[in-house]
Amino acid sequence: MKKLRILSIDGGGVKGIVPAIICEYLENEISKKVNRKVFLHEYFDLIVGTSTGGILGALYTSPKYHTATEIVDLYKNCGDKIFNKNIIRRISSFGGILRPKYSTKALEELSESLFGDINLSDTTKPFMTTSYDLIRAKEIFFDSLNAKRKPLKNFKLKDVVIATSSAPVYFNAKKLISLNNDLYNCIDGGIFANNPALIAYAEARNIDFKKHLEEDKPSFPGSDDMILISLGTGHKEGYKNYEHLKTKGGAKWVMPIIDILFAAQSNTDDFILRKIFDSSKNKWNYYRINPRLYKGSLELDNKSEENIKKLCDDAHEFIKRNKDKLDDIILQLILNN
């Protein structure tokens, strides 16, 4: 029986271009090896993402069939519109302390143009993304398989991607209304799962893939039956840039604490997954790929042309240095197709 292939993608704002470029490499190389143009979703059985990773996951599983290269171009060209802060907003938000730094209008318009009336239940492969409901003080998992079974859990994909990426300080919460008029006020899933790989693992354990995919795949798989690829949005070596914060009060911590908490959660989940896979006979089939950013910024909203280029350079340099590892992943994805 062939192994289940899972793709997990972290949150990280404009840094989403880093995993997008790695996915572009995977898609293009698979196409070369199988001698036909493929789409990334064809070589994964479950895709899970948080925030910008949720947007990527929705694009990869959309029935509109976006190529990975088109998605990279989207990240290159749309960041300036999404993170556009005019002078009035800059003054009135006081750096995101008094109100969100950015309007959600551009993000709403982009999501509408990309997904239109596509429902969560319409994705080409099982897809999940995360959010947090302020009304119930509870995590939300937008799950395409669950949406197929339960219409009350089905939402427009354009709304789901905004719900998962409405980061506090940066954007307003996203209001969602279910078919039975239940109200949700959703914020970025990264506040509890910036790295959703452990959630992806737990979700996969509870899915009857043989039934849903109608392929030779394991039902309710364990770690022995999986290939789990977890893509980060880049990291720096330490937090030397924040050394000055050790004597500062709350106002100075507003933005840095988001980066620090996201990184801490990501590293913890990576640690747990390594322990899970190390204890199985399948220890080599968990891949955590989180490129070091030598040039690019850690800031979620640094959409400058210079920074986007630096992030692209970091991603391409990582691919160059880790070609053997990535090619091993590609081989595993093809063999288990």
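How much area does the protein chain expose, and what share of it do carbon and sulfur atoms supply? Here are my notes, with the answer up front.

1. Keep in mind as you look around that this is a predicted model. Its protein chain exposes about 15300 Å², and 52% of that comes from carbon and sulfur atoms.

2. Now for the inside. The protein chain has 337 residues, and 56% of them count as buried. As for secondary structure, you can go hunting for 14 helices and eight strands.

3. Next, who touches whom? Take the contacts between residues at least 6 apart in sequence: 73% of these join residues at least 24 apart.

4. Have a look at strands β3 and β4. Strand β3 covers residues 127-133 and strand β4 covers residues 138-143. The two run antiparallel, with six bridges joining them. If you want one pair to find on screen, try T130, whose bridge partner in β4 is F141.

5. The turn of that hairpin deserves a click too. Four residues sit between β3 and β4, and A137 takes a positive phi near 50°.

6. Finally, back to the surface. I135, I177 and L183 form a nonpolar patch there, and together they have about 260 Å² of accessible area. Of these residues, L183 belongs to strand β6, which spans residues 183-188. Is L183 buried or exposed? Neither, quite: its relative accessible area is 33%, so L183 counts as partly exposed. That value also fits the patch rule, because patch residues need over 30% relative accessible area.

Note on methods:
Residues numbered from 1 in each chain as written. Predicted model: local features only at pLDDT ≥ 70, side-chain atom pairs only at ≥ 80, totals over all residues. Heavy atoms only, no water. Patch = residues over 30% accessible without salt bridge, like charges linked within 9 Å, V, L, I, M, F, W, Y side chains within 5 Å. Areas by Shrake-Rupley, 256 points an atom, 1.4 Å probe, with all protein chains shown as cover. Salt bridge = Lys/Arg side-chain N within 4 Å of Asp/Glu carboxyl O. Buried < 20%, exposed > 50% of the residue type's maximum accessible area, 1.4 Å probe, protein only. Contact = heavy atoms within 4.5 Å. Pairing = 2+ DSSP bridges.
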